[in-house]
Amino acid sequence: MRIVVRSAAVVLLSLCSLIAALPQTESAAKKAQVKFREFRLENGLRLIVAEDHHAPVYSIAVSYNVGSRDERRGRTGFAHLFEHMMFKGSGNVGDGEHSLLIANNGGGDNGTTDEDRTLYYETLPKNQLDLGMFLEADRMSGLDITQESLDNQRNAVQEERRLRVDNQPYGKTFETVSNLAYENFAYQHSVIGSMDDLNAASVDDVKKFFSVYYAPNNAVVAIVGDVNTDEVLAKAKQYFGKIKSNTAPPQIDMDEPTQEKEKRTTIEDPLARLPRISVAYHISQGETDDYFALSLLSTILSSGQSSRLYTKLVKRDQVATGAFGFAEDKRGPGLFQLSVSPRPGKDLGEIEKTLYAELDRFKKEPVTDSELQKAKNFAIRSHISSMSSSLGIAVNLADDAVNFNDPNLINTEVDKLLAVKKEDIMRVANKYFTDNNRTVVITQPKAKPAGNQ
Amino acid sequence: MLQTIRLRKTNQLFMTTIVTLLVSAMVILPVSAKQAVPGQKTTGKNTKIKGKAPVNKDVLKVTLPKPYEATLKNGLTVLILQDSRSPKLPTVSMQLQIAGAGDLFDPKDIPGLASVTASMLREGTKTRTSDQISAAIDEAGASLGAGAGFGSSAATVTASGISDNIDMLLDYMADITLNPVFPEKELTRQLTNQKIGLQNLRTNAAFLANERFNKAVYGDHPASVRTTSADALAKITPETLKAFHDSHYWAGNAILAIAGDVDIKDVMPKIEKAFGSWEKGTSPDMKWPEPPTPAKSTIYLVDRPNSVQTNLVLGNLGITRTNPDYFPLLVMNRVVGGGATARLFMNLREDKGYTYGAYSGFSSLQYPGTWSASSEVRTDVTDGSMKEFMYELNRIRNEKVPEKELEEVKRSLIASFALSLENPQSALSNAIVSKIYHLPANYWDTYTDKIAAITADDVQRAAKKYVAVDHMTIVAVGDGNKIKDILKKYGDVEVYSIDGQKVGS
């Protein structure tokens, strides 16, 4: 739906911007392309290099093919806890020395873990190329950790959990959604893990995890910025080339059984003062035709103030203060997640019905031309902004290689989005937005309501 | 997008540009205790240095690009920085900062009026409805927004998109800035949603800590206000907004800053056309009541039932942006808590495991900003964390920074300058700061030299002045039943509810 058109002037205006936006943005997308070269060292390490000489800076991203999906029962949160241990010392680098060297030389570093992969990265001035490569290679070679350093990071991670989940209103809502929606343990449990499982992690677990997953043949290194490709390749052979490869880690069964009927639960949140409606539908893996159609659908549904949900729930009916939805771009079967913040005193059941009616419209009516074009222009915009830093490019190249075996997605993804047709959107709406495929979590507030402010 | 990011530490890399962008960039927070903690050796073990990694001894010398600068007849300052990439990234981003239109200029009985005025700009103009504006912006895949901000002297209108959309972006940006009509229907909806939003805001521990800290530090100064209120929202009508807009939005106080793929010759006439009719106006009066000077430290406990962590903030008044102590304070802060390799992080997290992160930071503005240290710690180590905070704050005051640590910190600050060349926004933000605070033309060219010149004595002097351990404001947001008695060890305690009412002492 577009907003009700009120005057001839509006029609003219939207037509103009539509006609104007089409060729402009699409040619803009074509201008933003990343040229890169790819190598594989003898030990199986995949190396991707993109030169970009506009600033005297480079970024290195190392993506390991291991995430929380690889965790076993009783050790949830371990992949992320392990990520912290990668900063606590390796063969030639002391506890904390890694980040200190990066900071002291003007750079920035961090690590991040999700369901599918674990990523480490640095950005540095270009004259510190050896430093970044040496540090990443050294911790790929082997760790030097102690019971003490594990206990220390266990504490830090447990505080991270408290900060992001246990001490935040709605913190447990997201955890509850995936917990209820998934039957397969891989995506069912949260990345941050449970306190009990974090407590159970041992130094022996760390050693075993390293030996199974942290090997050059299970990682991708992307280096982007003011570098020379041949020089990077030579240094990669020097620093990473001597690391021994390993047998490939076990494949994880990601199959999710078809959901037979709606799942639903209500949780009480002692820190929240207002309810929240969270809805999830099982969808396909990321980077598939279905995913691209769902991604555009989600833009039409909830991006910007002209989106369907904002227009209907926030502006017209005025039953909510906010509403959004998005399609997860995961390597295994993802979720299409929706979240509505109702105004106080509104009937949650009615809001749910309105939400489902909006989803049903995608099944019955094709989206309009201008909606589709809008969604495509959003996609182009976000494609271009993902190229605004060497770090952003390096992360995309490394992650797409690890998750989808295709680093060139950085260049082709936008074409795939632009190829989506109205019929595709209607098809995926019918395929996924069914009652039986739905999981609903209602968060009810238990905090004392506000007094006078 | 939602819960996927699990970072090892607060992501400073991604934050750098945002922080420098804001004129009133609050860097992070800090407190004080009554009794100075005796100098027991509780500090973290030093990082273990094996010293085998290859480090290039040289620091890359860089010069930031200078933006094109022009002033329109009506006094509007224009700064343009072109993207240096080749080929250029085909995007443009614009921000219009209007001094005198921020929440520092709210009437006393309507906190938040400037913020509501700004956020209502895109809800309708003389020739376009709210829906029309949203439709046009969304269809282009562009962004258009406006906001003011508590503690800020300026309102800011932002627009960004594909560079081919620049005509349209300028047109809409000027239209919402100059011709807003504040339609009643859109206002009613927005006020209702904001009122509801207040309920959520008051469940957020970080907000509660920040609010209480600023209230205590700033007293009658308008920077003490950090949120609107239900009472204030009830007083806002289209007429109040129109009156505020008519008297606070002037071209002569505004800076339009543009970064990206733009042709200066081509865009200047378009800027003239879009903004030429805007009136010059009068300069805002930047005189405010003096913030209080506390004689002793006070602890403000915000009782947030069911909390599993205590949010601690310890700090005091700092400096204005033009204060010559800026550089000593910058280096001093970096030593104490300005990053994940600084003392607070190394002690409270990497040694004690009390928290996910502990930092310090400072703001420097037209009026005195704050310096503060802060952390979120699990409830049962609130006492231990207070002890370590006091230990570190006393240490930076009482002991000279070892030469090696000082050199490393200075090198870190200087070498990181190269990273800001990646994004034209960084250099542009620096240029905006220069304009606002009338800094000398060579300010950013000599910035790193000034850092290099800081000595251990300078750092200690800054610490004694700006880490006021015996008259600090200390805020703790957490479970009152569990932490009140602990906090009493560190000073007099006043207790507040999450709704901001004083409920005990």
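This section describes chain B, its two domains, its contact with chain A and two residues of chain A in a predicted model.

Chain B contains 17 helices and 15 strands. Along its principal axes, the C-alpha trace of this chain spans about 70 × 55 × 45 Å. A compact globule of 505 residues would have a radius of gyration near 23 Å, and the 24 Å found for chain B agrees with this. Buried residues account for 55% of the 505 residues in chain B. When contacts in chain B between residues at least 6 apart in sequence are considered, 82% of them join residues at least 24 apart.

Chain B is divided into domain 1, residues 66-275, and domain 2, residues 298-504. The C-alpha centres of domain 1 and domain 2 of chain B lie 29 Å apart. The contact involves 23 residues from domain 1 of chain B and 27 residues from domain 2 of chain B. On the side of domain 1 of chain B that touches domain 2, the elements giving two or more residues are strand 2 (77-82), strand 3 (91-99), helix 6 (205-218) and strand 6 (254-260) of chain B. Helix 6 of chain B supplies the largest share of this side, eight residues. By class, the side of domain 1 of chain B that touches domain 2 of chain B consists of 14 nonpolar, six polar and three charged residues.

Helix 6 of chain B was examined further. This helix has 14 residues and reaches 20 Å from its first C-alpha to its last, close to the 20 Å expected at 1.5 Å a residue. Of the 14 residues of helix 6 of chain B, 11 are buried, so the helix is largely enclosed by the rest of the structure. The buried residues of this helix include the nonpolar B:Ala205, B:Leu208, B:Ala209, B:Phe213, B:Ala216, B:Val217 and B:Tyr218. The charged residues B:Glu211 and B:Arg212 are also among the buried residues of the helix, as are B:Asn210 and B:Asn214. The buried residues of helix 6 of chain B pack against five strands of the chain: strand 7 (298-303), strand 8 (309-317), strand 12 (370-378), strand 13 (473-478) and strand 14 (492-497). Just after helix 6 of chain B, B:Gly219 takes a positive phi of about 55°.

The largest nonpolar core has 134 residues, of which B:Tyr172, B:Met173 and B:Leu256 touch the most other members. Helix 4 of chain B, residues 166-178, gives the most to this core, with eight residues. Domain 1 (66-275) and domain 2 (298-504) of chain B both give residues to this core, so the core lies between them. Leaving aside neighbours within four places in sequence, B:Tyr172 is in contact with B:Ile133, B:Ala136, B:Ile137, B:Leu144 and B:Ala159. Another core, of 79 residues, lies apart from the largest one, and its members include A:Ala55, A:Leu131, A:Tyr239 and A:Leu391.

Between the two chains, 97 residues of chain A are in contact with 85 residues of chain B. Helix 1 of chain A, residues 8-31, gives the most to the side of chain A that touches chain B, with 10 residues. By class, this side of chain A has 38 nonpolar, 42 polar and 17 charged residues.

Two residues of chain A were considered individually. A:Gln153 lies in helix 5 of chain A, residues 147-166. A:Gln153 counts as buried because 27 C-beta neighbours lie inside 10 Å, where 20 or more are required. Apart from neighbours within four places in sequence, A:Gln153 is in contact with A:Leu81, A:His84, A:Met85 and A:Lys88. A:Gln153 and A:Tyr121 are 32 residues apart in sequence and 19 Å apart in space, C-alpha to C-alpha.

A:Ala327 lies in strand 9 of chain A, residues 320-327. With 27 C-beta neighbours inside 10 Å, A:Ala327 counts as buried. Not counting residues up to four places away in sequence, A:Ala327 touches A:Ile283, A:Tyr291, A:Leu294, A:Ser295, A:Ser298, A:Gly334 and A:Phe336. A:Ala327 and A:Ile223 are 104 residues apart in sequence and 29 Å apart in space, C-alpha to C-alpha.

Definitions and conventions
Residues numbered from 1 in each chain as written. Chains lettered and ligands numbered in written order. Predicted model: local features only at pLDDT ≥ 70, side-chain atom pairs only at ≥ 80, totals over all residues. Helix = DSSP H or I, 4+ residues; strand = E, 2+ residues; numbered from the N terminus. Rg over C-alpha atoms; globule rule 2.2 N^0.38 Å. Buried ≥ 20, exposed ≤ 12 C-beta atoms within 10 Å, placed from the backbone. Contact = placed C-beta atoms within 7 Å. Domains from an automatic or database assignment. Expected span 1.5 Å × (residues − 1). Core = buried A, V, L, I, M, F, W, Y, C linked by C-beta atoms within 7 Å.
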